[in-house]
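Here is a short report on one protein chain. It begins with the helix and the sheet, then turns to side chains.

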Amino acid sequence: MKQQKSVRILKKIWAEKGIWQFVSLKRSGARYLWDERPGQYYLEWWEGAKRRREVAGTSPNEALEAQRR
């Protein structure tokens, strides 16, 4: 039986310390609470022992569509 991959959405933002930082999006049940800060969305998943990340877009709609694919 094939396992279903778990894909989360992260956001890369410009932090106060002057560095780029990945932040997890908070959830309310099954829905994401979208972050208002400017930045870019990424998908994150695991393939065995390796963590993979891929650009998902700049808007919440683009991120959800990428996750659905």
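Helix α1, residues 60-68, lies across three strands: β1 (8-14), β5 and β6. Its direction is about 15° from that of β5. The model is a predicted one.

**Overall layout**

The protein chain holds one helix and six strands. Read from the N terminus, the order of elements is β-β-β-β-β-β-α. The C-alpha atoms fill a box of roughly 45 × 25 × 20 Å along the principal axes. The chain has 69 residues, and 26% of them count as buried. Among contacts with a separation of 6 or more, 43% join residues that are 24 or more positions apart.

**The sheet**

Four strands make an open sheet in the order β2-β1-β5-β6, and the pairing is antiparallel. β2 (20-24) and β6 (50-57) are at the edges. Each of these two has a single partner strand, so one side of each lacks a neighbour in the sheet. From one strand to the next, the twist averages 35°.

Strands of a sheet pair through backbone hydrogen bonds, in either a parallel or an antiparallel way. In this model, β1 and β2 pair in the antiparallel sense over five bridges. Lys11 stands opposite Val23 in β2. The two strands β1 and β2 form a hairpin, with five residues between them. Gly18 sits in that turn and has a positive phi of about 85°.

β5 and β6 also run antiparallel, joined by seven bridges. Here Tyr42 stands opposite Val55 in β6.

**Aromatic rings and charges**

How many aromatic pairs does a search of the whole structure find? The search finds four. A pair of aromatic rings is described by the distance of the centres and the angle of the planes. The table gives these values for two of the pairs.

| Pair | Centre to centre | Angle between planes | Type |
|---|---|---|---|
| Trp14 and Trp20 | 5.2 Å | 75° | edge-to-face |
| Trp34 and Tyr41 | 5.4 Å | 90° | edge-to-face |

Why is the Trp34 and Tyr41 pair edge-to-face? Its planes meet at 90°, and planes over 60 degrees apart count as edge-to-face. The partners differ in exposure. Trp34 is partly exposed, with a relative accessible area of 27%. Tyr41 is buried, because its relative accessibility is 2% and the cut-off for buried is under 20%.

Trp34 and Tyr41 also belong to one aromatic cluster with Tyr32. The ring of Tyr32 has a charge over it: the charged end of Arg27 sits there, 4.3 Å from the ring centre. Phe22 has a similar partner. Arg53 lies over the face of Phe22, 4.0 Å from the ring centre.

**Asp35 in its loop**

Where is Asp35 placed? It is in the loop between β4 (31-33) and β5 (39-47). Is Asp35 buried or exposed? Asp35 is buried, at 19% relative accessible area. That value counts as buried because the cut-off is under 20%.

The side chain of Asp35 makes a polar contact of 2.6 Å with the side chain of Arg37. Leaving out residues up to four places away in sequence, Asp35 touches Lys11, Val23, Leu25 and Tyr41. Two of these have come up as a facing couple: Lys11 stands opposite Val23. Another, Tyr41, is the buried ring paired edge-to-face with Trp34.

Technical notes:
Residues numbered from 1 in each chain as written. Predicted model: local features only at pLDDT ≥ 70, side-chain atom pairs only at ≥ 80, totals over all residues. Heavy atoms only, no water. Phe/Tyr/Trp six-rings, centres within 6.5 Å; stacked < 30°, edge-to-face > 60°. Buried < 20%, exposed > 50% of the residue type's maximum accessible area, 1.4 Å probe, protein only. Lys NZ or Arg CZ within 6 Å of the ring centre and 35° of its normal. Polar contact = N/O pair within 3.5 Å; in protein donor to acceptor, adjacent residues only side chain to side chain. Contact = heavy atoms within 4.5 Å. Pairing = 2+ DSSP bridges. Axes fitted to C-alpha atoms, helices over the stretch in contact; angles between N-to-C directions.
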